Amino acid sequence: MSFNRNELALLALIDSFVSGDVSASDFEKKYSALWREHRDADDTKNTDKETQRYFDSVFSAVDSYCDDPDLRDEDDLDEQGLLNNIINLKTSWAASVLA
C-alpha cells in the first residue's frame, strides 16, 4: 500500500506519539494541524476508506483529550487515555489494512 505525503506525515506523527517521542500535548497540536492539511488537500480523495476512518478516529480521540486536569471532565481523555486509544486504533487499522 502506498501513501501520499500528507498520509505519511500523519502516520509518522502517530508512530512518534505511540513510541513516546512526542508528548500528548504536542501530539494534540501537531495532529490537529496535519489532519486539517490532509482534509483540505486535493489528494485526499485517493485515501482508502479504512485509512481515512483511522485518521478521523485519531482526530476524534485527539479532540477528546484535555491537557489541563482542572478542566478535564469524565468524558475527556488524559494523557494515558489518549495513548491507549491511539494504540488501539493503530492496532485495529494495521490489522485491517496492512495484513
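**Close-up 1. Helix 3 against helix 4 in the predicted model.** The axes of helix 3 (residues 49-64) and helix 4 (residues 79-98) come within 10 Å of each other and cross at roughly 175°. Because angles over 145 degrees count as roughly antiparallel, helix 3 is described as roughly antiparallel to helix 4. On the helix 3 side, the contact is made by Glu50, Thr51, Tyr54, Ser57, Val58, Ala61 and Val62, while helix 4 contributes Leu82, Asn85, Ile86, Leu89, Lys90, Trp93, Ser96 and Val97. Taken by residue class, the contact of helix 3 with helix 4 comprises nine nonpolar, four polar and two charged residues.

**Close-up 2. The buried residues of helix 3.** Helix 3 has 16 residues, and the distance from its first C-alpha to its last is 22 Å, close to the 22 Å expected at 1.5 Å a residue. Its buried residues are Thr51, Gln52, Tyr54, Phe55, Val58, Phe59, Ala61 and Val62, and these buried residues pack against helix 1 (5-18), helix 2 and helix 4.

**Close-up 3. The start of helix 3.** Here a side-chain oxygen of Asp48 reaches to within 3.1 Å of the backbone nitrogen of Glu50, and Glu50 is also among the helix 3 residues that make the contact with helix 4.

**Close-up 4. The surroundings of Ser32 in helix 2.** Ser32 lies in helix 2, which covers residues 24-40, and it counts as buried because its relative accessibility is 14%, with the cut-off for buried set at under 20%. When its neighbours within four places in sequence are left aside, Ser32 is in contact with Phe27, Phe59 and Val62; of these, Phe59 and Val62 are among the buried residues of helix 3.

Methods: Residues are numbered from 1 along each chain as its sequence is written. This is a predicted model: local features need pLDDT of at least 70, side-chain atom pairs count only at pLDDT 80 or more; totals for chains, interfaces and linings use all residues. Side-chain values use heavy atoms; hydrogens and water are left out. Helices (H or I, at least four residues) and strands (E, at least two) are DSSP runs, numbered from the N terminus. Buried means under 20% relative accessible area, exposed over 50%, partly exposed in between (1.4 Å probe, protein chains only). Contact means heavy atoms within 4.5 Å. Axes are lines fitted to C-alpha atoms, for helices over the stretch in contact, and angles run from 0 to 180 degrees between N-to-C directions. Angles under 35 degrees count as roughly parallel, over 145 as roughly antiparallel, 65 to 115 as roughly perpendicular and the rest as oblique. Ala, Val, Leu, Ile, Met, Phe, Trp, Tyr, Cys and Pro count as nonpolar, Asp, Glu, Lys and Arg as charged, and the others, Gly among them, as polar. The expected span of a helix is 1.5 Å times one less than its number of residues. A polar contact is a pair of N or O atoms within 3.5 Å; within protein, one must be able to donate a hydrogen and the other to accept it, and residues adjacent in sequence count only if both atoms are side-chain atoms.
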